[in-house]
Amino acid sequence: MALHRSYLVVFALISTMIPVMTLAKELVVGDGKGWTINFDYQAWAQGKDFRVGDKLVFNYPVGAHTVLKVNGTGFQNCIKPPASEALTSGSDEIVLATPGRKWYICGVGTHCETAGQKLFITVQPQPSSVSPAMAPSPVQSNMAPSPVQSNMAVKDTVNYQLFFGVMVAVVTLALAF
Ligand SMILES: [Cu+2]
């Protein structure tokens, strides 16, 4: 009986963790076009949900382009940081570690200036990974999404997924005890 209960607890914890883990996405910049010239990266970024923990992937033929992280001024005026800072692998992965605005440009030739090879995104904070096992009261006392999502102004399916995971965990815990 005690064993049965601990299985339920473990299941509750896992069902909370799975949606949190699947929240991290891999975003291939430019999709099939990759990181290239004469592509509208602002249009590509439009409407996409960039979250802390997500990964950007820049795909391009080695030597054809580079990836440079710059600030807003660098983005506006295509100011290249030292070449030593460039990513050059042809399949560069950048994990979005902090929320806020991020700017990337190509450092080759005048790709940034004349061919629009620049990307600007705004990274949203990762939804707080509230564990109902650790803090059951705010989730159970109020079934509205607000206690879990109070610091987010988002209504995307990912958050519903997280909320669903929390609900499953709460119900499972309720059955266990
Ligand atoms: Cu380039």
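How many helices and how many strands does the chain have? Colour the model by secondary structure and count along: there are seven helices and seven strands. What you have open is a predicted model, so let us begin with how far to trust each part.

**Stop 1: the whole chain**

Show the full chain as a cartoon and walk from the N terminus. The elements come in the order α-β-α-β-β-β-α-β-β-α-β-α-α-α. The chain has 177 residues, and 22% of them count as buried. Among contacts between residues at least 6 apart in sequence, 75% join residues at least 24 apart.

Now colour by pLDDT. The average over the chain is 77, and 59% of the residues score at least 70. Select residues 130–160, where pLDDT stays under 50. The model has 35 contacts beyond four places in sequence for that stretch. Where pLDDT is low, the predicted coordinates should not be read in detail. You may want to hide that stretch for the next stops.

**Stop 2: the sheet of four strands**

Select β2, β7, β6 and β4, which in this order make up an open sheet of four strands with mixed pairing. Its edge strands are β2, at residues 50–51, and β4, at 68–70, and each of these pairs on one side only.

Start at the β2 edge. Strand β7 covers residues 118–124, runs parallel to β2 and is joined to it by two bridges. Show Phe50 and look across to Val123, its bridge partner in β7. Then show Arg51, whose bridge partner in β7 is Gln124.

Move on to β6, residues 100–105. Six bridges join β6 to β7, and the two strands run antiparallel. Which residue of β7 is the bridge partner of Tyr104? Select Leu119 and you have found the partner of Tyr104.

**Stop 3: the largest nonpolar core**

Which two residues touch the most other members of the largest nonpolar core? They are Phe58 and Ile105, in a core of 18 residues. The elements that give two or more residues to this core are β3, β4, β6 and β7.

Centre the view on Ile105. Leaving aside neighbours within four places in sequence, Ile105 is in contact with Leu68, Val70, Gly74, Phe75, Cys78, Cys112, Gln117 and Lys118. Keep Cys78 from that list selected, because a later stop returns to this partly exposed residue.

**Stop 4: the sheet of three strands**

Next select β1, β3 and β5. They form an open sheet of three strands in the order β1-β3-β5, with mixed pairing. Here the edge strands are β1 and β5, each pairing on one side only. Neighbouring strands of this sheet are turned by 20 degrees against each other on average, direction ignored.

Zoom in on β3, residues 55–59, which runs antiparallel to β5 and is joined to it by five bridges. Show Leu56 and you will see that it stands opposite Ile94 in β5.

Stay in β3 and select Asn59, which has its place in this strand. Is Asn59 buried or partly exposed? Asn59 counts as partly exposed because it has 19 C-beta neighbours inside 10 Å, and a residue needs 20 or more to be buried. Beyond four places in sequence, Asn59 is in contact with Val28, Gly34, Trp35 and Ser91. Try a distance label as well: the C-alpha atoms of Asn59 and Lys33 are 8.4 Å apart, while the two residues are 26 apart in sequence.

**Stop 5: two positive phi angles**

Finish with two loop residues. Select Asn38, in the loop between β1 (26–28) and α2 (41–45). The phi of Asn38 is near 55 degrees, a positive value in a residue other than glycine. Asn38 is exposed, because 10 other C-beta atoms lie within 10 Å.

Now go back to Cys78, found in the loop between α3 (72–77) and β5 (91–95). Cys78 is not a glycine either, yet its phi is positive, at about 55 degrees. Is Cys78 exposed or partly exposed? With 19 other C-beta atoms within 10 Å, Cys78 is partly exposed. To close the loop of the tour, show Ile105 again beside it: Cys78 is one of the contacts of Ile105.

Definitions and conventions:
Residues numbered from 1 in each chain as written. Predicted model: local features only at pLDDT ≥ 70, side-chain atom pairs only at ≥ 80, totals over all residues. pLDDT = per-residue confidence, 0-100. Contact = placed C-beta atoms within 7 Å. Pairing = 2+ DSSP bridges. Buried ≥ 20, exposed ≤ 12 C-beta atoms within 10 Å, placed from the backbone. Axes fitted to C-alpha atoms, helices over the stretch in contact; angles between N-to-C directions. Core = buried A, V, L, I, M, F, W, Y, C linked by C-beta atoms within 7 Å.
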